[in-house]
Amino acid sequence: MEETRHDNTRQAALNYHEFPKPGKLEIRATKPLANGRDLTLAYSPGVAEACVEIEKDPSSASRYTAKGNLVGVVTNGTAVLGLGNIGALASKPVMEGKAVLFKKFANIDCFDIELNESDPYKLAEIVCALEPTFGAINLEDIKAPECFIVEQICRERMNIPVFHDDQHGTAIVVGAAATNALHVAGKKFEDIKIVSTGGGAAGIACLNMLLKLGVKRENVWLCDIKGLVYEGRTEEMTPQKAEFAQASDLRNLGDVIEGADLFLGLSGPGVLKPEMVARMAKRPIIFALANPTPEITPDEARAVAPDVIMATGRSDFPNQVNNVLCFPFIFRGALDAGATTINDAMEIACIEGIAALARATTSAEAAAAYKGEQLTFGQDYLIPKPFDPRLMGVVASAVAKAAAETGVATKDVGDIGLYKAKLDGSVFRSALIMRPVFQAAATVVRRIVFAEGEDERVLRAANAMIEETTDKPILIGRPEVVENRCERAGLGIRPGRDFDLVNPENDPRYRDYWETYHTIMARKGVSPDIARAIMRTNTTAIAAVMVQRDEADSMICGTFGQYLWHLNYVTQILATEGRHPVGALSLMILEDGPLFITDTHVHSEPTPAQIAESVIGAARHVKRFGIPPKIALCAGSQFGNLDNDTGRRMREALAILDSAPRDFLYEGEMHTDAALDEVLRERLFPGGRYDGAANVLVYANTDAAGGVRNILKMRGGGLEVGPILMGMGNKVQIVTPSITARGLLNMSAIAGTPVATYS
């Protein structure tokens with residue numbers, strides 16, 4: 001069975017690398033090359049202008065070429081993880097994989113370079129000659145001790161960052177894990193005894209990093225395949241190992257493990273025996289990082305030391321020490337700062353950022369990527385997961401700040417807070433466009449009630465609100481369920497202390513609520529018994545009653561169920577003569593910018609008056625995002641060429657809009673392609689009311705609006721913010737079941753802004 005599973009995995013891996021096209025990388029142009037003018041600019045003669053500027057000012061290469069965001073991943077294939085000296089060519093899939101990780105996690109472009117050169121001095125010569133091409137060099141999978149020689153020469157001669165990830169990347173992540181492991185164990189770097197196995201590049205780098213963090217050299221005991229590294233030993237020695245030689249008569253791992261606080265393994269399988277663990281200090285810390293089989297498994301270690309704090313290099317055990325937590329982000333910060341090197345301060349800043357992130361509340365995105373795992377800081381969660389999107393902003397900004405403070409930066413990233421926000425915006429695609437909304441929301445304190453307060457996405461959004469905004473969440477849910485789900489999700493918030501909770505099964509305001517609802521609905525067929533039942537079971541109605549009674553400023557519902565079902569109850573309770581549902585506006589964040597679509601949910605076949613009202617509402621809301629609205633009325637007809645239903649309604653809506661002065665641009669009726677293509681629109685209808693592409697598409701029925709929204713979301717890579725319910729005075733927002741915790745946080749910011757600030 002195991003053999004069959006291995007064969008299946010092997011074939012799947014080979015298929016992954018071969019299909020639909022060989023390899024994991026391709027090169028794509030970032031500029032258009034569609035006509036003669038493009039060719040003139042891209043190549044001769046236009047390219048000469050960029051060349052001349054770079055000749056005059058070499059630093060301008062980062063302005064006119066890809067150099068400033070380009071890393072070379074360089075290897076000779078002499079020490080490929082788990083495979084050994086397989087040679088340069090066979091290492092290419094690994095280097096392509098490294099390049100993919102750079103792109104995925106930090107949007108850094110890479111060329112993988114595999115060199116048939118085993119002489120470290122010649123290898124260093126080749127790498128140094130590559131400096132004009134790259135913004136930084138990542139040395140990879142070069143065996144020790146040659147790797148030390150190559151890196152030292154390159155660092156001395158090159159004026160760009162050179163980083164041997166096997167050394168420093170591992171050391172940084174080990175440093176972060178050790179920082180938090182000691183925090184959990186209640187110990188300090190300066191007091192601990194460390195026993196390490198493995199005198200290769202990674203092992204030596206990790207020990208050097210631990211010294212920088214406060215460990216005393218005399219408390220480090222290094223063992224390798226020949227036993228303890230001791231003063232006077234000559235066999236299998238290097239200058240790097242000699243730095244840790246002990247003046248001792250002890251000779252092997254079993255002799256020196258007594259009382260060790262931290263075991264650091266970068267050696268081979270089964271090296272650390274259970275009986276050795278039993279002789280370590282209380283609350284021992286074991287980093288068994290050999291791959292694929294660690295020096296000891298977590299189960300073996302816990303059998304003799306139940307309180308052990310354990311990390312490995314494997315993803316199927318807690319606390320995976322994975323370099324991807326570090327290298328994309330340290331390079332991101334270094335490139336953005338134009339750093340000439342990566343120094344100790346930058347590496348320690350990276351450690352501090354990673355460690356602090358693990359101690360913070362787990363992100364919703366990481367929790368979604370690792371469903372079923374307990375991501376609460378403690379002995380089984382010492383370091384963040386690679387898919388935690390906060391790593392980019394936290395780590396890269398800390399690195400750039402350290403580069404500036406230590407004088408190795410050649411570019412100013414500006415205000416570090418704004419730089420971090422920009423980095424977050426590249427990961428959280430909604431962050432930049434939502435900034436004006438969050439800023440407006442921060443000027444007031446609003447009470448926002450979530451109807452589905454037991455949903456984990458709501459709990460995470462509430463936690464984020466407490467951490468990041470001034471608004472106060474109120475949740476509707478059963479206390480024991482909310483408590484348990486907060487605990488399970490690793491959230492520190494608790495009802496009563498951090499947020500108010502309404503228990504639908506037993507709340508002292510129950511009588512007031514059902515009587516309020518009955519008063520509103522008594523002449524609409526709702527008896528007292530029905531009112532009581534609804535106020536026990538219908539959390540949307542409960543939330544609406546709270547807003548109506550001014551116990552909350554706004555409500556959010558819809559994480560499950562059908563949109564119109566929720567709309568029915570909130571309209572019953574909160575609609576007034578001056579407040580009624582106008583339409584649902586969806587913001588789609590696309591690669592080339594934002595696009596708003598309406599009405600996606602409210603009016604199935606809106607009248608001309610309803611369309612005009614939706615246009616006015618959309619213009620008002622689009623301005624909230626700091627975007628001047630350009631609204632297209634979309635229909636099957638185009639500027640009157642068809643006498644069909646949608647065309648007639650859009651033309652009548654246009655007439656209504658034209659009947660009074662408007663402070664926004666609009667045009668129609670037209671097809672969607674004409675709305676988005678200025679050239680096509682000008683050919684069909686010269687002299688229209690605005691230039692460029694529309695950024696708001698208004699449709700004559702929800703089928704069309706919803707269809708465009710869903711196509712952009714599922715096939716166009718669009719990220720939705722919304723839908724935003726217009727016309728209800730921001731008293732209520734109804735989301736859809738596909739919304740994420742981040743989406744709920746965005747909606748809370750929208751709900752957290754008083755109407756007066758954007759109407």
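**A guided reading of the predicted model**

Pro723 has its place in strand E20, which spans residues 719-726. The model described here is predicted. Within it, the peptide bond that joins Gly722 and Pro723 is cis, with an omega of about 0°. Another cis peptide bond leads from Thr598 to Asp599, where omega is near -10°. Asp599 belongs to the loop between strand E16 (593-598) and helix H26 (608-624). As background, most peptide bonds are trans, and most residues other than glycine have a negative phi.

Positive phi values also deserve attention. Glu236 has a phi near 55° and sits in the loop between strand E7 (227-228) and helix H10 (239-242). With a relative accessible area of 46%, Glu236 is partly exposed. Asn319 has a phi near 60°, again a positive value in a residue other than glycine, and is part of the loop between strand E10 (309-312) and helix H14 (327-336). Asn319 counts as buried, because its relative accessibility is 4% and the limit for burial is under 20%.

The interior comes next. In soluble globular proteins, nonpolar side chains tend to be buried together. Here the largest nonpolar core holds 98 residues, and the members that touch the most others are Ile137, Ile172, Phe287, Ile330, Phe331, Met346 and Ile354. Helix H8 (residues 165-185) gives the most to this core, contributing 10 residues. Phe287 has contacts farther along the sequence that include Val174, Ala177, Leu262, Phe263, Ala311 and Leu382. A second, separate core consists of 56 residues, among them Met434, Ala489, Phe596 and Ala618.

Helix H8 also contains a charged residue, Asp166. Asp166 is buried yet has no salt bridge; Lys98, the nearest side chain of opposite charge, is 6.1 Å away. The side chain of Asp166 does make a polar contact with the side chain of His164, at 3.1 Å. In addition, a polar atom of the Asp166 side chain lies 2.5 Å from the backbone nitrogen of Asp141. Beyond its sequence neighbours, Asp166 touches Glu140, Asp141, Ile142, Ala202 and Asn323.

Helix H21 (residues 479-488) offers a last stop. Which residues of helix H21 are buried? They are Val481, Val482 and Cys486. These buried residues cover an arc of only 130° around the axis, and therefore lie on the same side of H21. Their cover includes helix H20 (456-468) and strand E13 (500-502). After H21 comes Gly490, with a positive phi near 75°.

Technical notes
Residues are numbered from 1 along each chain as its sequence is written. This is a predicted model: local features need pLDDT of at least 70, side-chain atom pairs count only at pLDDT 80 or more; totals for chains, interfaces and linings use all residues. Side-chain values use heavy atoms; hydrogens and water are left out. A nonpolar core is a set of buried Ala, Val, Leu, Ile, Met, Phe, Trp, Tyr and Cys residues joined through side-chain atoms within 4.5 Å. Buried means under 20% relative accessible area, exposed over 50%, partly exposed in between (1.4 Å probe, protein chains only). Helices (H or I, at least four residues) and strands (E, at least two) are DSSP runs, numbered from the N terminus. Contact means heavy atoms within 4.5 Å. Lys and Arg count as positive and Asp and Glu as negative; His and the chain ends are not counted. A salt bridge is a side-chain nitrogen of Lys or Arg within 4 Å of a carboxyl oxygen of Asp or Glu. A polar contact is a pair of N or O atoms within 3.5 Å; within protein, one must be able to donate a hydrogen and the other to accept it, and residues adjacent in sequence count only if both atoms are side-chain atoms. The arc is that of the directions from the helix axis to the C-beta atoms. Lists of a residue's contacts leave out its neighbours within four places in sequence.
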